[in-house]
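Trainee: I would like to learn how to read the packing inside a fold and the surroundings of a bound ligand. Could we begin with the interior and then turn to the ligand?

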Amino acid sequence: IVGGSFTPIESHPWVAALFHKRQGFLCGGSLISPCWVVTAAHCFVDGEVTKTKYISVYLGKTAINETDADREQSFTVEKLIIHQKYNSSTFDNDIALLKIRSRDGGCAVKSASSRTVCLPPLRTQLPAGFPCSIAGFGKEGNGAWHYSQYLKQGEVRLLSQTQCKTEAYYGDRITKNMFCAGSPDWSTDACKGDSGGPLVCEVSGRMFLFGVVSWGDGCAKKDKPGVYTQVTNYNKWIAVKTELQEYTEG
Ligand code: 4AZ
């Protein structure tokens, strides 16, 4: 996250941290039910990363390079489901599901540092300018060498599709499965390493997962907002994929 502020995991307890056993920190994610994490498909592009045995998922983590046994929970990946229509050149349908399993065969246990986030009701459309928040361990600036050591969060505002599809912004690169969000002064944005993580918006006192960090032209650049996967387009896909798994594997 560029701009924004450091935050304890308890303020964003659905944030998951995905690690690759050889390559280190990989991506963010969001816990949507005790056994399922939503993330970005593009986190798994190269052949080795798609081998789920190399991926670990952590919940309850505030610091990337520190173990906090009292607050964190770790998991292996039982199943990786990349959206069947994910397009790695356009980033259309940039969404994936991870079924997680702890060492004792269970799923996430609810605590102050770990809980699920709600999926937005079908067809909910929030107006342009609506304030939402993003969180992750991504880079703190375009030129940064390292990911952020500690979890950060930032406030961004939703942009209209019309504005984001202008030539000065992203033109036709924005599909109906994407939306844009940025800060009015371009100071706050998601950055490399925040991919897969949440954009949440508070509606009627509850936090909902509206976006998955997907892509952007650099970070915190004028007229180049962050681009997010439109989670409301995937309610049915998520329900089918997670429920079928429960029935056939349960
Ligand atoms: C990335 O490289 C990335 N400013 C993620 C988000 C944004 C840009 C790049 C949005 O993973």
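Mentor: Bear in mind that this is a predicted model. To read packing, take one residue and list its contacts beyond its sequence neighbours: leaving aside residues up to four places away in sequence, Ile238 touches Ile32, Val38, Ile95, Leu97, Leu119, Val231 and Glu243.

Trainee: Which residues touch the most other members of the largest nonpolar core?

Mentor: A core is read as a set of buried nonpolar residues joined through their side chains. Here the largest one holds 46 residues, and Phe44, Val57 and Ile238 are those that touch the most other members. Among the elements that give two or more residues to this core are the strands β3 (24-33), β6 (73-82) and β12 (206-215), together with the helix α2 (235-249). Another core, of 15 residues, lies apart from it and includes Ile1, Leu126, Val213 and Tyr228.

Trainee: Which residues are around the ligand, and how do they divide into nonpolar, polar and charged?

Mentor: One lists the shell and then sorts it by character. The residues around the ligand include Asp189, Ala190, Lys192, Ser195, Val213, Trp215 and Gly216, and the whole shell divides into five nonpolar, four polar and two charged residues.

Trainee: Where are the polar atoms of the protein placed relative to those of the ligand?

Mentor: For a nitrogen atom of the ligand, an N or O atom in the side chain of Asp189 is 2.8 Å away, and a backbone N or O atom of Ala190 also lies 2.8 Å from a ligand nitrogen. An oxygen atom of the ligand lies 2.8 Å from a polar side-chain atom of Ser195. Of the 300 Å² of accessible area that the ligand has on its own, the protein covers 85%.

Technical notes: Residues are numbered from 1 along each chain as its sequence is written. This is a predicted model: local features need pLDDT of at least 70, side-chain atom pairs count only at pLDDT 80 or more; totals for chains, interfaces and linings use all residues. Side-chain values use heavy atoms; hydrogens and water are left out. A residue is near a molecule or strand if one of its heavy atoms lies within 4 Å of it. A polar contact is a pair of N or O atoms within 3.5 Å; within protein, one must be able to donate a hydrogen and the other to accept it, and residues adjacent in sequence count only if both atoms are side-chain atoms. Accessible areas come from the Shrake-Rupley method with a 1.4 Å probe; for residues, only the protein chains shown count as cover. Ala, Val, Leu, Ile, Met, Phe, Trp, Tyr, Cys and Pro count as nonpolar, Asp, Glu, Lys and Arg as charged, and the others, Gly among them, as polar. A nonpolar core is a set of buried Ala, Val, Leu, Ile, Met, Phe, Trp, Tyr and Cys residues joined through side-chain atoms within 4.5 Å. Buried means under 20% relative accessible area, exposed over 50%, partly exposed in between (1.4 Å probe, protein chains only). Helices (H or I, at least four residues) and strands (E, at least two) are DSSP runs, numbered from the N terminus. Contact means heavy atoms within 4.5 Å.
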